[in-house]
Amino acid sequence: MVTVMVFRVKVSGVIDFAPQPLQGRQGKVKSLLSITRPFAGIFLSFFMSYESRTTNTRKRSVMKIIGVAASPRTNKSTRFLLEQCLDAIKNASEASKNGIEVELIDLAPLEIQGCIACDACKKGVLCSQDDGFQEIIPKLADPEVVGIIMATPVYMGCMTSRAKAFIDRTVLFRRNGFLFKNKLGGVIAVGGSRNGGQELTVQAVHAAMMIHDMIIVGDGDHFGGAAWGNHPDGYEADTTGIATARNLGIRMGEVAATLRG
Ligand SMILES: Cc1cc2nc3c(=O)[nH]c(=O)nc-3n(C[C@H](O)[C@H](O)[C@H](O)COP(=O)(O)O)c2cc1C
């Protein structure tokens, strides 16, 4: 005897991923922010366009390189590799006295939504979404920043959704006079497998950096940092991967110092 089971699927509506309007007090705070944010954004736009006009005519005493860790987990392999990279920049900077400072931004504790294409950033260096990205805007807008290093785990052969959300939100710098133009860009990818898509991931982030008209820097040998998170002895034992991350840092410092002259 054959038993035939019939499943009925009732389609009751479409799922709407668009953010819903905020109610009550949250809504009022949001409206207040939407009134004040454009002024802050316009100020930031004027300031940054002045800075980028004068950048080439005066030498900076301080140059900063920002590292962004884009794993949803803090203090794991991606952050470790990024710390190695930034440590190499610091060591090389101390040895050569080229005055390069580093800062690490960890996206793990921050809520960062994807871009919603509201076009608010067409009016200035601002974003309408009230989330963790707001605190990063002034850090990236700092004219002393000469380079950005993105470190991301490999998820399904590419960057994490957190890394992509962050990158998409940086469109506001592009829309306000290509404010990342000529900044250096480096990438570190950490995969669970030795060859799990690290190079593809690095290239995907490079593509976004090129869309910003940034200058891509590798590790002096290949594409940048490529590390093995599930190394049998732990990611701290992946000496090959650690070397690529540290060499990327050394190259970022060298190129920054060379371009400054
Ligand atoms: C959803 C998901 C997808 C993943 N896909 C890949 C992959 O395609 N290739 C790979 O090598 N590792 C993959 N991994 C493993 C992570 O890249 C690896 O564990 C990495 O070290 C995690 O970084 P973290 O320790 O900083 O969180 C995946 C992990 C998750 C959770």
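β4 (184-191) and β6 (225-228) run parallel and are joined by 4 bridges. Strands count as paired if DSSP finds at least two bridges between them. One bridge links Gly191 to its partner Trp228 in β6. β6 is covered on both faces. Gly225 and Ala227 are buried on one side, and Ala226 and Trp228 are buried on the other. A buried residue has 20 or more other C-beta atoms within 10 Å of its own; an exposed one has 12 or fewer, and a partly exposed one lies in between, with C-beta atoms placed from the backbone.

The model is predicted: local features need pLDDT of at least 70, side-chain atom pairs count only at pLDDT 80 or more, and totals for chains, interfaces and linings use all residues. Residues are numbered from 1 along each chain as its sequence is written.

**The chain as a whole**

The protein chain has 7 helices and 6 strands. These are DSSP runs numbered from the N terminus: helices are H or I with at least four residues, strands are E with at least two. From the N terminus on, the order is α-β-α-β-α-β-α-α-β-α-β-β-α. Of the 261 residues, 38% count as buried. Among contacts between residues at least 6 apart in sequence, 77% join residues at least 24 apart. A contact means that two C-beta atoms, placed from the backbone, lie within 7 Å.

**A second strand pair**

β1 (63-69) and β2 (100-106) also pair in the parallel sense, over 7 bridges. Ala69 has Asp106 as its bridge partner in β2. β1 is largely enclosed by the rest of the structure, because 6 of its 7 residues are buried.

**Two helices**

The helices α2 (77-96) and α7 (239-260) can be set side by side. The expected span of a helix is 1.5 Å times one less than its number of residues.

| Helix | Residues | Expected span | End-to-end C-alpha distance |
|---|---|---|---|
| α2 | 20 residues | 28 Å | 29 Å |
| α7 | 22 residues | 32 Å | 32 Å |

For α2, the distance agrees with the expected span. For α7, the two are close.

Which residues of α2 are buried? They are Ser77, Thr78, Arg79, Phe80, Leu81, Leu82, Gln84, Cys85, Leu86, Ala88, Ile89 and Ser93. Their cover includes β1, β2, β3 (145-153), β4, β6 and α7. Just after α2, Lys97 takes a positive phi of about 55°.

In α7, the buried residues are Gly241, Ile242, Thr244, Ala245, Arg246, Leu248, Gly249, Arg251, Met252, Gly253 and Ala256. They pack against β1, α2, β2, β3, β4 and β6. Just after α7, Gly261 has a positive phi of about 85°.

Ala256 lies in α7. Ala256 is buried, because 24 other C-beta atoms lie within 10 Å. Leaving out residues up to four places away in sequence, Ala256 touches Met63, Ile65, Ile100, Val146, Gly147 and Leu184. Ala256 and Lys183 are 73 residues apart along the chain, with 8.7 Å between their C-alpha atoms.

**The nonpolar core**

A nonpolar core is a set of buried Ala, Val, Leu, Ile, Met, Phe, Trp, Tyr and Cys residues joined through C-beta atoms within 7 Å. The largest one holds 61 residues. Within this core, Leu81, Cys85 and Ile188 touch the most other members. α2 gives the most to this core, with 7 residues. Beyond residues up to four places away in sequence, Cys85 touches Gly67, Ile149, Ile188, Gly225, Ala245, Arg246, Leu248 and Gly249.

**Around the ligand**

There are 18 residues around the ligand. A residue is near a molecule if its C-beta atom, placed from the backbone, lies within 6 Å of it. Lys76, Gly191, Gly192, Gly196 and Gly229 come nearest. α2 and β4 each supply at least two residues of this shell. By class, the shell has 5 nonpolar, 11 polar and 2 charged residues. Here Ala, Val, Leu, Ile, Met, Phe, Trp, Tyr, Cys and Pro count as nonpolar, Asp, Glu, Lys and Arg as charged, and the others, Gly among them, as polar.

**A loop glycine**

Where is Gly218 found? It is in the loop between β5 (215-216) and β6. Gly218 is partly exposed, because 19 other C-beta atoms lie within 10 Å. Neighbours within four places in sequence aside, Gly218 is in contact with Phe223, Gly224, Leu248 and Arg251. Gly218 and Gly186 are 32 residues apart in sequence, yet 6.3 Å apart in space, C-alpha to C-alpha.
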